[in-house]
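Please open the structure in your viewer and keep the selection tool at hand. The stops below are meant to be followed in order, each with something to select and something to look for.

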Amino acid sequence: MNFSTYKTASGFLLPSIHSAPPFFTQQPNPATQAAFTEQWTRLLLAYARHRRLFTIRIEDAEVSSGGEWDEVLRNPRINRRLMPDHLARILGVMVSKNLVVYEPARQTRAALLYWRLPEEWAEVLYEWVTNTGQLNTILTFYEISDPPVPSALSGIPDPLLRSAIAILAKSGRAQLISISDGDGVRFFPRSVK
């Protein structure tokens, strides 16, 4: 069997392990399963970053075809796909490593992916606010996640945006404000110490 990398239609380069049929099944040997889970973790986060996907659902492994995760969760060249229960186990491990969080909370069928950690999103957010001259301005969540000029923050989900803002608030660089049409946030210059 030829294990080789493969470039998907979206331009993502799948690693050679994606051509190995055992990669798509639960392995009886714990060490092998742990290695495959680590490979799946890296693959899912890299693909999410490549496609700017923030959420993965167990249903993404159940969809017959055409889903946004098909390129990774399936390999038609070897007639394999990741089964939903296997994806659920992988997500459980990722949650334990704080690489995803179940969203909404108190369920285990959908998760928010941290292809950038909330701390990294906080820095991206603060850099964007600074570079666009919006310090000391109140911005809505909508203005941040759907700016007129696309940015690294375009499409960021509210729970992840809230986490980033909370991190900035702890360092005195942001303040969450209730406004008439939802929540807003004011950003402050870095304090000089």
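With the whole protein chain of this predicted model in view, consider how its contacts are spread along the sequence: of those with a separation of 6 or more, 56% are between residues 24 or more positions apart. The C-alpha atoms fill a box of roughly 60 × 35 × 30 Å along the principal axes, and the secondary structure of the chain comes to 7 helices and 10 strands. If you colour by accessibility, buried residues should make up 41% of the 193 residues.

Next, select α5 (118–131) together with helix α7 (residues 158–170), whose axes lie 8 Å apart and cross at an angle of about 75°. That angle falls between 65 and 115 degrees, so α5 counts as roughly perpendicular to α7. Show the side chains where the helices meet: on α5 these are Pro-118, Glu-119, Trp-121, Ala-122, Leu-125 and Tyr-126, and on α7 they are Leu-160, Leu-161, Ser-163, Ala-164, Ile-165, Ile-167 and Leu-168. Sorted by class, this contact has 11 nonpolar residues, 1 polar and 1 charged.

Stay at α5 and select Glu-123 with Arg-173, whose side chains meet in a salt bridge at 2.8 Å, N to O. Glu-123 belongs to helix α5 and Arg-173 to the loop between α7 and β9 (174–179), so the pair ties together parts that are 50 residues apart in sequence. The two partners differ in burial, since Glu-123 is partly exposed at a relative accessible area of 34%, whereas Arg-173 is buried at 8%.

Now move to Arg-116, in the loop between β7 (110–113) and α5. Which side chain of opposite charge is nearest to Arg-116, and how far away is it? The nearest is Glu-120, at 5.9 Å, and Arg-116 has no salt bridge although it is buried. A salt bridge here requires nitrogen and oxygen within 4 Å. Beyond its neighbours within four places in sequence, Arg-116 is in contact with Arg-49, Trp-121, Val-124 and Ala-152.

Return to the charged pairs, for the structure holds 10 salt bridges. Select Glu-71 and Arg-51, which meet at 3.9 Å, N to O; this pair links helix α3 (residues 70–73), where Glu-71 lies, to helix α1 (residues 30–51), where Arg-51 lies, across 20 residues of sequence. Arg-51 is partly exposed, with a relative accessible area of 33%. Then select Asp-70 and Arg-74, which form a salt bridge at 3.5 Å, N to O; here Asp-70 is buried at a relative accessible area of 14%, and Arg-74 is buried at 12%. A further selection of Glu-38, Arg-42 and Lys-97 shows residues linked in a network of salt bridges.

The last stops concern the backbone. Select Asn-79, in the loop between β4 (74–75) and β5 (80–81), where phi is near 55°, a positive value in a residue other than glycine; Asn-79 is exposed, with a relative accessible area of 66%. Asn-98, in the loop between α4 (84–96) and β6, also has a positive phi, near 60°, and is partly exposed at 45%. Finally, select Glu-103 and Pro-104, which are joined by a cis peptide bond with omega of about 0°; Pro-104 is placed in the loop between β6 (100–102) and β7.

Methods. Residues numbered from 1 in each chain as written. Predicted model: local features only at pLDDT ≥ 70, side-chain atom pairs only at ≥ 80, totals over all residues. Heavy atoms only, no water. Helix = DSSP H or I, 4+ residues; strand = E, 2+ residues; numbered from the N terminus. Buried < 20%, exposed > 50% of the residue type's maximum accessible area, 1.4 Å probe, protein only. Lys, Arg positive; Asp, Glu negative; His and termini not counted. Contact = heavy atoms within 4.5 Å. Axes fitted to C-alpha atoms, helices over the stretch in contact; angles between N-to-C directions. Parallel < 35°, antiparallel > 145°, perpendicular 65-115°, else oblique. Nonpolar A, V, L, I, M, F, W, Y, C, P; charged D, E, K, R; others polar.
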